[in-house]
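Colleague: I would like a close look at a single part of this model, taken slowly and with its surroundings in view. Please keep to what the coordinates support.

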Amino acid sequence: MCIRIRVVDVCPRPVAWDPDEQAVIIRRGTHPPTALTETHLILRDLDAPPGPVLLCHCGEPIPLPPLLAGLELTEVPVVTIRAVAHGA
Ligand SMILES: [Zn+2]
């Protein structure tokens, strides 16, 4: 089952993983770049392949909701650098 991204009105956290739906759920109103970065981190924890766009673990690009459409993964390198520094 492919990973999907859903935007919802009610969610305890700005971005969360819903294992039942196999979906990343984003609370409406979340700062879009933050939502994209958090989504990327969740996907990474799920062993989805890295790439310039968000990928499902099968390698297919995940359709982005309008909230995230057109955004680049600009904040991800920062997160990666932080992770590397943390591990060193
Ligand atoms: Zn898939």
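Is Cys 56 buried or exposed? And what can be said about the metal site and the helix H1?

Modeller: This is a predicted model, and in it Cys 56 is buried, because its relative accessible area is 1%, where buried means under 20%. Cys 56 is one of the residues that coordinate the zinc ion, through SG, together with Cys 2 (SG) and Cys 58 (SG), at 2.2 to 2.3 Å. Along the chain these donors follow the spacing C-x53-C-x1-C. Cys 58, in contrast to the buried Cys 56, counts as partly exposed, with 49% relative accessibility.

Turning to the helix, H1 covers residues 32-45, and its 14 residues should span 20 Å at 1.5 Å a residue, which agrees with the 20 Å between its end C-alpha atoms. The buried residues of H1 are Ala 35, Leu 36, Thr 37, Thr 39, His 40, Ile 42 and Leu 43, and H1 is followed by Asp 47, whose phi is positive, near 65°.

Leu 43 also belongs to the largest nonpolar core, which has 14 residues, and is among those that touch the most other members, as are Ile 3, Ile 5, Val 15, Val 24, Ile 26 and Ile 62. Strand E3 (23-27) and H1 are the elements that give two or more residues to this core, and H1 gives the most, with four residues. Leaving aside residues up to four places away in sequence, Leu 43 touches Ile 3, Val 24, Ala 48, Leu 54, Leu 55 and Ile 62. In soluble globular proteins, nonpolar side chains tend to be buried together.

Terms used: Residues numbered from 1 in each chain as written. Predicted model: local features only at pLDDT ≥ 70, side-chain atom pairs only at ≥ 80, totals over all residues. Heavy atoms only, no water. Expected span 1.5 Å × (residues − 1). Buried < 20%, exposed > 50% of the residue type's maximum accessible area, 1.4 Å probe, protein only. Donors = N, O, S within 2.8 Å, 3.2 Å for Na, K, Ca; no water. Core = buried A, V, L, I, M, F, W, Y, C linked by side-chain atoms within 4.5 Å. Contact = heavy atoms within 4.5 Å.
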